[in-house]
Amino acid sequence: MTTQPFDLVIRGGTVGTSTAHFVADVAVKDGRIAAIGTGLGQGAREIDATGKFVLPGGIDTHAHVEQVSAGGLMNADTFESATTSAAFGGNTTLVSFAAQHRGLDLRKVVDDYAALAKRGALIDYAFHMIVANPDEKTIKEDLPALIKEGHASIKVFMTYDLIKVDDEPLLDLMLTAREHRALICVHAENHGMISWMGKKLVERGYTAPKFHAISHPRGSESEAFTRLITQAALIDQPIMIFHVSTAEGAAVIRQARGQGLKVFAETCPQYLFMTKADLDKPGLEGAKWMCSPPPRETTDQDALWQALALGDLQTVSSDHAPYRFDESGKLSAGPNPNFKQIANGLPGLETRLPLMFDALVSKGRPEFAGRGLEAFVDLTATSPARIYNLPGKGAIQPGYDADIAIWDPSREVTITDEAMHDLTGFTPFAGYRVTGWPETVIRRGEVVVSDGTLHAKAGSGRWLSRTGGPAAEPTGKLVLEMDPQRNFGATIL
Ligand code: DUC
Ligand code: ZN
Ligand code: ZN
């Protein structure tokens with residue numbers, strides 16, 4: 001009997017990394033990538049990947065799952081449905097949220113989400129802790145302990161009445177994050193401008209979903225980015241700015257990074273592929289395209305693609321926030337809501353990678369000058385793993401987890417509501433035609449999806465304990481007020 005040195009060998013595919021692509025076999029042993037090369041030995045299982053792309057499984061670092069929204073509404077997915085949808089879309093790792101609302105105990109919140117995910121998740125996962133109740137216990141006790149236990153990122157909202165964190169508690173949170181080395185992720189929009197515009201529009205009878213798009217003035221984003229970055233510089237705390245939607249917002253980030261500030265940023269498919277015109281539909285239909293911040297203009301799309309190519313923005317996440325188009329979700333305020341009463345968010349776990357693959361690899365966005373495959377891998381897997389410090393994830397490399405998506409680059413698919421595996425019941429990308437699809441998805445060496453069939457069990461995903469890693473390390477550059485050499489000797493940081 002011949003011994004088979006490997007558990008799995010994927011033969012003859014084009015292996016893609018964030019810096020190169022080449023034809024090779026990939027061998028897997030004990031859930032990890034054991035070798036990459038040509039003519040590798042036998043595997044107990046063999047997959048012929050000739051003509052296919054062998055890429056790292058996607059890492060989606062911004063998704064709301066089994067979570068109560070900013071407006072107090074439970075979303076449509078469970079960890080099982082969301083991770084099933086993510087897996088069919090080529091993902092092997094998810095970072096979702098443990099969401100503290102006002103009055104809730106952060107420790108209990110994290111324990112509750114951990115229990116839900118442990119039971120349901122079928123790809124690997126981690127959490128960002130949303131903090132909306134930055135009281136003494138949260139800041140002094142729970143956050144330091146939870147960061148130490150492996151939850152090394154915090155999300156804060158600068159808007160939404162029920163969960164927003166004002167400047168002073170945000171500075172407190174940044175100081176705690178700096179002391180314990182966690183990344184701070186932020187939904188940054190100017191609350192007052194949005195709230196004021198929303199009220200004015202509704203008072204004047206402009207209630208249709210399309211008015212959501214103009215109720216979040218473009219300047220509310222760049223203003224909040226500037227304020228946030230200025231505060232982060234005061235504390236010397238690294239930040240991640242979520243879901244950048246405007247050209248002006250991207251320009252603020254570019255300038256800050258140019259000054260050496262540790263500012264990371266993401267955008268999402270809804271800002272790269274949709275515009276405010278998508279919300280302009282008869283009746284309430286436009287609610288399906290409502291997210292916050294809203295989709296903008298085609299000129300913003302171009303600016304965001306450029307910002308991705310320049311490295312000003314480093315990741316593309318889905319911001320999956322699923323609300324059904326019925327009374328359990330978008331229409332929870334009744335059959336005739338104004339746009340302020342409609343939950344913000346849209347599903348995207350399953351469509352993020354195919355949309356990005358189609359744009360970067362199949363259509364070859366010009367900004368990436370022939371390096372679309374590398375950019376795809378980098379923006380959707382390698383950079384997320386690096387920034388959120390997910391060791392062993394995000395690359396096809398010996399010793400790394402065998403998290404692999406095998407893509408058929410020539411398969412043409414029209415996205416439909418019915419084909420999606422999440423529980424939203426619709427996708428805002430229905431009707432989009434994409435070329436390239438993840439046909440086989442492998443998580444730690446096990447086939448999770450193949451031939452349109454799910455093979456993994458709920459609960460087979462693993463929680464990933466994370467430290468803050470290099471991204472969360474302060475720069476050490478202190479502004480005048482924090483520098484004892486220049487502030488009359490006061491030590492604050
Ligand atoms: N912000 C998010 O990050 N997700 C959903 C809705 C929102 O406002
Ligand atoms: Zn947000
Ligand atoms: Zn979000």
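This note covers the cores, a zinc site and a cavity in a predicted model.

1. Basis. Local features need pLDDT of at least 70, side-chain atom pairs count only at pLDDT 80 or more, and totals for chains, interfaces and linings use all residues. Residues are numbered from 1 along each chain as its sequence is written, ligands are numbered from 1 in the order in which they are written, and side-chain values use heavy atoms, without hydrogens or water.

2. Main core. The largest nonpolar core (buried Ala, Val, Leu, Ile, Met, Phe, Trp, Tyr and Cys residues joined through side-chain atoms within 4.5 Å; buried means under 20% relative accessible area, 1.4 Å probe, protein chains only) has 126 residues. Ile241 and Phe376 are among those touching the most other members. Helix H12 (residues 372–387; a DSSP run of H or I, at least four residues) gives the most, with 8 residues.

3. Second core. A separate core holds 16 residues, including Ile47 and Ile442.

4. Zinc site. His187 (ND1) and His243 (NE2) are the protein donors of the zinc ion (ligand 2), 2.1 Å from it. Donors are N, O and S atoms within 2.8 Å of the metal (3.2 Å for Na, K and Ca); water is not among the atoms, so sites may look incomplete. Both histidines are buried. The zinc ion (ligand 3) is 3.9 Å from ligand 2.

5. Geometry. The 4 donor atoms around the zinc ion (ligand 2) subtend angles of 60 to 154°, so the arrangement is irregular. Four donors count as tetrahedral if all angles lie between 85 and 135 degrees, and as square planar if opposite donors are over 155 degrees apart and all others between 65 and 115.

6. Cavity. Ser85, His320 and Asp422 are among the residues that line the largest cavity. On a 1 Å grid over the protein atoms alone, a cavity is a set of points where a 1.4 Å probe fits but cannot get out; lining residues have an atom within 4 Å of a point. The largest cavity has about 40 Å³ of space.

Technical notes. Buried < 20%, exposed > 50% of the residue type's maximum accessible area, 1.4 Å probe, protein only. Helix = DSSP H or I, 4+ residues; strand = E, 2+ residues; numbered from the N terminus. Tetrahedral: all angles 85-135°; square planar, octahedral: opposite > 155°, others 65-115°. 1 Å grid on protein atoms, 1.4 Å probe; cavity = no way out; pocket = protein on both sides within 12 Å on 5 of 7 lines; lining within 4 Å. Points joined across faces, edges and corners; volume = space filled by probe spheres on them.
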